[in-house]
There are 2 protein chains.
Amino acid sequence: MTRNIELNEKMRDERREQILSHALRLFAARGLAATKISDIATSVGMSQGLLYHYFRSKEEIFTEIVRGAFEKMNAAVRMLEELPQSPREKIEMAIVQLLKSLEESEDFACTILLNAQAGISEATPAEAQAIIREESGIPYTVIARILRAGQQEGTIKPFDADALAMVFWTTIKGLALHKAVNGATFKAPDARILTAMFFTEDRLH
Amino acid sequence: MTRNIELNEKMRDERREQILSHALRLFAARGLAATKISDIATSVGMSQGLLYHYFRSKEEIFTEIVRGAFEKMNAAVRMLEELPQSPREKIEMAIVQLLKSLEESEDFACTILLNAQAGISEATPAEAQAIIREESGIPYTVIARILRAGQQEGTIKPFDADALAMVFWTTIKGLALHKAVNGATFKAPDARILTAMFFTEDRLH
DNA sequence: GTCTATATCCAGATAGAC
DNA sequence: GTCTATCTGGATATAGAC
């Protein structure tokens, strides 16, 4: 009995994930307002009406995606901070990993893009705006903290750490944007181009 | 007689510019689809119907803005290339100037953002897409050309020039994005953080 | 759970008076 | 040139059959 309920819930969750995944691509490619609920349904391969068995509204879908994106991103940067490596190595790892994800994962670029759009647009649903207000600062403060530790060490340049952290993330977002425009052609730049902004010496190792 | 016609046309053009200016802010803040024609009319302070005496459709307004943005941007980079300065100085000037514009001019950030959005979104009007297809590569190729000249000189790092040019522009776009989100709080980073990606030596002068 | 059909609403665009 | 009133289409969301 309980088995069946659990199984049903699992299948329901999987279906929801499937919808969210398709919606992510569409929202990233066209924005919230320009994406029709029928587009999402068609993309998933279900009828328009059926979507409403899984989500109350288009806004709810959008908000769920934003929520999930911040959860993952914030978990990742927190894990980065906990690592045993030196601050400088952490920054290097982060840049290398972000560039790799950007190049390899379609979803990753879409996610960054969607969050950027959501942060900008006044048309973003109120609940998503609340999430953004609370969560979007975390990656910046974590990276700034790591950079400051690196400055203590002498391996990170002595510019304002908040400014460096801002440049760190805006550069990644800018690249995500570029990938969104140039699609398949996109090739991530050499990580050393970016690390030069932060490291006191040029070499990677 | 001719006087009056000219005067009328001038007034008409000014009114059009006024509409475009208000529309730019709204499009940048909410995207094309989420911006209502009535929003633009209200912002300008005219009736909805009257807008249609100046533009055929919302898409036409959007396309005009995109056209103007590329004209200005491409004229600017071409002028930059013509300057008598050394490649390295040109890059430095460009970065300093772009950061300054970003910080001081609301319109500049909006324009960059709008073009980025327009480039991404499949919902962008066909005519605007055509402009983007033809014009958007120019700033990249011009900067790449300057960077290559600098590499000959030995003042620019020997990474792939196209990759460097991509990073150049994506960084600027990323910052424009950040300004759009953080609005009034935005403070441009120290130019030397960015020049470090390109210059073989660290110092500015 | 899934579909088709439909009610409802809202935004873009037009018409016509002043 | 400018407004108000209106037509029209299309998208969200719901209802109801299977």
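# Two chains and two DNA strands

Student: Of the atoms of DNA strand C within 4 Å of the protein, what percentage belongs to sugar or phosphate?

Tutor: This is a predicted model. The atoms of DNA strand C within 4 Å of the protein divide into two groups, sugar or phosphate on one side and bases on the other. The share that belongs to sugar or phosphate is 62%.

Student: Which residues come nearest to DNA strand C?

Tutor: There are 16 residues around DNA strand C. They divide into five nonpolar, seven polar and four charged. Those that come nearest are A:S47, A:H53, A:Y54, B:I37 and B:Y52.

Student: How far does a polar side-chain atom of B:Y52 lie from a phosphate oxygen of DNA strand C?

Tutor: Take the backbone cases beforehand. A backbone N or O atom of A:S47 lies 2.9 Å from a phosphate oxygen of DNA strand C, and for a backbone N or O atom of B:I37 the distance is 3.0 Å. B:Y52 uses a polar side-chain atom, and its distance to a phosphate oxygen of DNA strand C is 3.1 Å.

Student: Which element gives the largest share of the surface near DNA strand C?

Tutor: The elements that give two or more residues to this surface are helix 1 (2–30) and helix 3 (48–54) of chain A, together with helix 3 (48–51) of chain B. The largest share is four residues, and it comes from helix 3 of chain A.

Student: Which residues are closest to DNA strand D?

Tutor: DNA strand D is surrounded by 16 residues. They comprise five nonpolar, seven polar and four charged. Of its atoms within 4 Å of the protein, 62% belong to sugar or phosphate, with bases making up the rest. The closest residues are A:K36, A:Q48, B:S47, B:H53 and B:Y54.

Student: At what distance from a phosphate oxygen of DNA strand D does a polar side-chain atom of B:Y54 lie?

Tutor: Chain A also reaches the phosphates of this strand: a polar side-chain atom of A:K36 lies 3.1 Å from a phosphate oxygen, and a polar backbone atom of A:I37 is 3.0 Å from one. For the polar side-chain atom of B:Y54, the distance is 2.8 Å.

Student: Which element supplies the largest share of the surface near DNA strand D?

Tutor: At least two residues each come from helix 3 of chain A and from helix 1 (2–30) and helix 3 of chain B. The largest share is three residues, supplied by helix 3 of chain A.

Student: How much area do chain A and chain B bury between them?

Tutor: The contact takes 38 residues from chain A and 38 residues from chain B. Carbon and sulfur atoms carry 76% of the area buried between the chains. That area is about 3100 Å².

Student: Which residue of chain A forms a salt bridge with B:R30?

Tutor: Between chain A and chain B there are six residue pairs in polar contact. Two salt bridges are found across the interface. In the one formed by B:R30, the closest N and O atoms are 3.0 Å apart, and the partner is A:E122.

Student: Which helix gives the largest share of the side of chain A that touches chain B?

Tutor: Helix 1, helix 6 (106–120), helix 9 (161–182) and helix 10 (191–195) of chain A each supply at least two residues of that side. The residues of that side divide into 24 nonpolar, six polar and eight charged. The largest share is 13 residues, from helix 9 of chain A.

Student: What kind of axis relates the two copies?

Tutor: Chain A can be laid on chain B with an RMSD of 0.0 Å. The operation is a turn of 180° with a shift of 0.0 Å along the axis. The copies are therefore related as by a two-fold rotation axis.

Student: Which residue of chain A has the C-alpha nearest the axis?

Tutor: The same surface serves both copies, and 100% of the contact residues of chain A recur in chain B. In chain A the C-alpha nearest the axis lies 2.0 Å from it, and it belongs to A:G174.

Student: How many residues apart are A:R25 and A:D107, which form a salt bridge?

Tutor: Chain A has 10 helices and zero strands. A:R25 and A:D107 form a salt bridge with the closest N and O atoms 2.8 Å apart. A:R25 is in helix 1 of chain A and A:D107 in helix 6, so the pair links distant parts of the chain. Their separation is 82 residues.

Conventions: Residues numbered from 1 in each chain as written. Chains lettered and ligands numbered in written order. Predicted model: local features only at pLDDT ≥ 70, side-chain atom pairs only at ≥ 80, totals over all residues. Heavy atoms only, no water. Near = heavy atom within 4 Å. Polar contact = N/O pair within 3.5 Å; in protein donor to acceptor, adjacent residues only side chain to side chain. Nonpolar A, V, L, I, M, F, W, Y, C, P; charged D, E, K, R; others polar. Contact = heavy atoms within 4.5 Å. Buried area = accessible area lost by both parts, 1.4 Å probe. Salt bridge = Lys/Arg side-chain N within 4 Å of Asp/Glu carboxyl O. Least-squares fit on C-alpha atoms with pLDDT ≥ 70 in both.
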